[in-house]
Amino acid sequence: MNLFEDTYQTLSAPGQGEFRDRGSKFLGFAFPVLTEAEVKAHVQALKKAHPGANHCCYAFRIGPDKQFFRANDDGEPSGTAGRPILGQIQSKDLTNVLVAVVRYFGGTLLGVSGLIQAYRQAALTAIENSTIVEQTVDELYLLQFPYEAMNEVMRIGKDHKLPFTNTDYGENCQATVAIRKNEAERVVTLFRKVKGLKATFVQEG
């Protein structure tokens, strides 16, 4: 990811599509996902929902840096299914996305080029029937501070429109805050100027 690039494209909700060729039916499904465990759960659910299908091929890409991706042909000739699906994810510049295509064989072999085209088109249709949104890359910080620093912490949060979660405003206060990546260093410096406050990086996402 470019140093100054702190947004990415993903899906806000699942989408579906369909493509038919010479009797074969290709059902495309696009899902927003954050983990490989979610990918496996969606694929297993699709296989369970379509027990009569011949293949359930898929590809996914995860992470704002777009570096973690996989493609699976599920028994189709190598490179004819998973890779064309992944190509559509990449062409739309999406991440945190799974696209799967369930195939019902129609009795006529489509050949390598026919399969590539069918899986590509089913994947594209599913994506186009989804809602693509832009997300910011945020850094999560755990803030720990004394109760008397509460007003100052809240003021910084309000000034920068920051969401606080996992809050505990007891005698020893703490909260998790999400800060847009490009603004994180400057805003965390402001927090760390608050007397008694400790800011600890948790994760990027």
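Two strands are said to pair if DSSP finds at least two bridges between them, and in this predicted model strand 2 and strand 3 meet that description with seven bridges in the antiparallel sense. These two strands belong to an open sheet of five strands, whose order is 2-3-6-4-5 and whose pairing is antiparallel. The points below take up this sheet, then the helix that lies across part of it, then a buried glutamate, and finally the largest pocket.

**The five-stranded sheet**

- The edges of the sheet are formed by strand 2, residues 15-21, and strand 5, residues 68-72, each of which pairs on one side only.
- On average, and with direction ignored, neighbouring strands of this sheet are turned by 15° against each other.
- Between strand 2 and strand 3 there are two residues, and the two strands form a hairpin in which Arg22, in the turn, has a positive phi of about 50°.
- Within this pair of strands, Gly17 stands opposite Gly28, which belongs to strand 3.
- At the other edge, strand 5 pairs with strand 4, residues 55-62, in the antiparallel sense over five bridges, and here Arg61 stands opposite Phe69 of strand 5.
- As a general point, the side chains of a regular strand alternate between the two faces of the sheet.

**The helix across the sheet**

- Helix 1, which covers residues 36-49, lies across strand 3 (24-32), strand 4, strand 5 and strand 6 (97-104).
- Relative to strand 4, helix 1 runs at about 160°.

**A buried glutamate**

- Glu76 is found in the loop that connects strand 5 with helix 2, the latter spanning residues 82-91.
- Because its relative accessible area is 8%, and buried means under 20%, Glu76 counts as buried.
- When its neighbours within four places in sequence are left aside, Glu76 is in contact with His55, Cys57, Ala81, Arg103, Leu115 and Tyr119.

**The largest pocket**

- The largest pocket holds about 360 Å³ of space, and its lining is made up of 14 residues.
- Of these lining residues, Tyr8, Leu34, Gln203, Glu204 and Gly205 lie nearest the centre of the pocket.
- Strand 7 (132-136), strand 8 (138-146) and strand 11 (198-204) are the elements that give two or more residues to the lining of this pocket.
- By character, the lining residues divide into five that are nonpolar, six that are polar and three that are charged.

Definitions and conventions:
Residues are numbered from 1 along each chain as its sequence is written. This is a predicted model: local features need pLDDT of at least 70, side-chain atom pairs count only at pLDDT 80 or more; totals for chains, interfaces and linings use all residues. Side-chain values use heavy atoms; hydrogens and water are left out. On a 1 Å grid over the protein atoms alone, a cavity is a set of points where a 1.4 Å probe fits but cannot get out, and a pocket is an open set with protein on both sides within 12 Å along at least five of seven lines; lining residues have an atom within 4 Å of a point. Grid points are joined across faces, edges and corners, and a volume is the space filled by probe spheres set on the points. Helices (H or I, at least four residues) and strands (E, at least two) are DSSP runs, numbered from the N terminus. Ala, Val, Leu, Ile, Met, Phe, Trp, Tyr, Cys and Pro count as nonpolar, Asp, Glu, Lys and Arg as charged, and the others, Gly among them, as polar. Axes are lines fitted to C-alpha atoms, for helices over the stretch in contact, and angles run from 0 to 180 degrees between N-to-C directions. Contact means heavy atoms within 4.5 Å. Buried means under 20% relative accessible area, exposed over 50%, partly exposed in between (1.4 Å probe, protein chains only).
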